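Dear colleague,

I am passing on the structure below, and after it I set out what I found in it. Please read the notes with the model open beside you.

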Amino acid sequence: MATAEQREAGQDDAESEDEVYEVVDLTEYARRHQWWSRVFGNNSGPIAEKYSVATQIMMGGVTGWCAGYVFQRVGKIAATAVGGGFLLLQIANHSGYVQVDWKKVEKDVNKAKKHLKKKANKAAPEINTFIEEVKATDFIKRNIVLSSGFVGGFFLGLAS
């Protein structure tokens, strides 16, 4: 025979089977409680409100891939041009067409290094001011899904 405790537990099981569960519509819940609103504030930006997440990732990915592909191609062309130029100068130097005063080159390089160090120290505040004026971080925060798609597409464009 069952004890009183076992009978009470059996009654709890019977009552739990009769409980009514609330059905939650996830799409409505997602519209009311957007995760980026909690993370980045209430002003989530116009792009986040107009398009679905998949569309934003696709748009960002495609534009990022295009930018990465162009960046890769231009980088290869620039590296080839600079490398080819140095190669031609070395060939011309060894053939006797060009005489290089290496002491003067070393002096000019050291002078340029000092000048760049001075300019680099002065440029840092200007760059920070530019970033603050443009509000790039605000744009990225408002369009985080689009921005992350762009970054991923950019890396894919560099790799292809």
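**What was found**

The residue to begin with is Trp 65, which counts as partly exposed because its relative accessibility is 36%. Please keep in mind throughout that this is a predicted model.

As for the overall build, the protein chain contains eight helices and zero strands, and reading along the sequence gives the pattern α-α-α-α-α-α-α-α. Of its 160 residues, 12% count as buried. The chain exposes about 13500 Å², of which carbon and sulfur atoms supply 63%. When contacts between residues at least 6 apart in sequence are considered, 79% of them join residues at least 24 apart.

A search of the whole structure for aromatic pairs finds four. One of them is formed by Trp 65 and Tyr 69, a stacked pair with 5.1 Å from centre to centre and 15 degrees between the planes. Both residues belong to helix 5 (residues 53–95), where they sit four residues apart, or about one turn of the helix. In general, an α-helix has 3.6 residues a turn, so residues three or four places apart point the same way. Tyr 69, like its partner, is to be described as partly exposed, because its relative accessibility is 30%, and the value for Trp 65 is 36%.

A stacked pair is also found between Phe 150 and Phe 154, since their ring centres are 6.3 Å apart and their planes stand at 25 degrees. These two residues lie in helix 8, again four residues apart and about one turn of the helix. Phe 150 counts as partly exposed because its relative accessibility is 33%, and Phe 154 falls into that class because its value is 21%, where the cut-off for buried is under 20%. Phe 150 and Phe 154 also belong to one aromatic cluster, together with Phe 71 and Phe 155.

How does the length of helix 8 compare with what its residues should span? Helix 8 runs over residues 144–159, and its 16 residues should span 22 Å at 1.5 Å a residue; the C-alpha atoms at its ends are 23 Å apart, which agrees. Several of its residues are buried, namely Val 145, Leu 146, Ser 147, Gly 149, Gly 153 and Gly 157. Leu 156, which is likewise found in helix 8, is by contrast exposed, because its relative accessible area is 57%.

Leu 156 also takes part in a nonpolar patch on the surface, where it is joined by Trp 65, Tyr 69, Val 70 and Val 74, and together these residues have about 470 Å² of accessible area. Helix 5 contributes the largest share of the patch, with four residues. The stacked pair of Trp 65 and Tyr 69 is therefore to be looked for within this patch as well, and both rings can be inspected there, given that Trp 65 is partly exposed and Tyr 69 is too.

One further residue of helix 5 deserves a look, and that is Asn 93. Is Asn 93 buried or exposed? With a relative accessible area of 18%, Asn 93 is buried, because buried means under 20%. Leaving aside residues up to four places away in sequence, Asn 93 touches Val 98, Val 100 and Trp 102.

With kind regards

Methods
Residues are numbered from 1 along each chain as its sequence is written. This is a predicted model: local features need pLDDT of at least 70, side-chain atom pairs count only at pLDDT 80 or more; totals for chains, interfaces and linings use all residues. Side-chain values use heavy atoms; hydrogens and water are left out. The expected span of a helix is 1.5 Å times one less than its number of residues. Buried means under 20% relative accessible area, exposed over 50%, partly exposed in between (1.4 Å probe, protein chains only). Rings of Phe, Tyr and Trp (its six-membered ring) pair if their centres lie within 6.5 Å; planes under 30 degrees apart count as stacked, over 60 as edge-to-face and the rest as tilted. Contact means heavy atoms within 4.5 Å. Accessible areas come from the Shrake-Rupley method with a 1.4 Å probe; for residues, only the protein chains shown count as cover. Patches are made of residues with over 30% relative accessible area and no salt bridge: like charges are joined within 9 Å, nonpolar side chains (Val, Leu, Ile, Met, Phe, Trp, Tyr) within 5 Å. A salt bridge is a side-chain nitrogen of Lys or Arg within 4 Å of a carboxyl oxygen of Asp or Glu.
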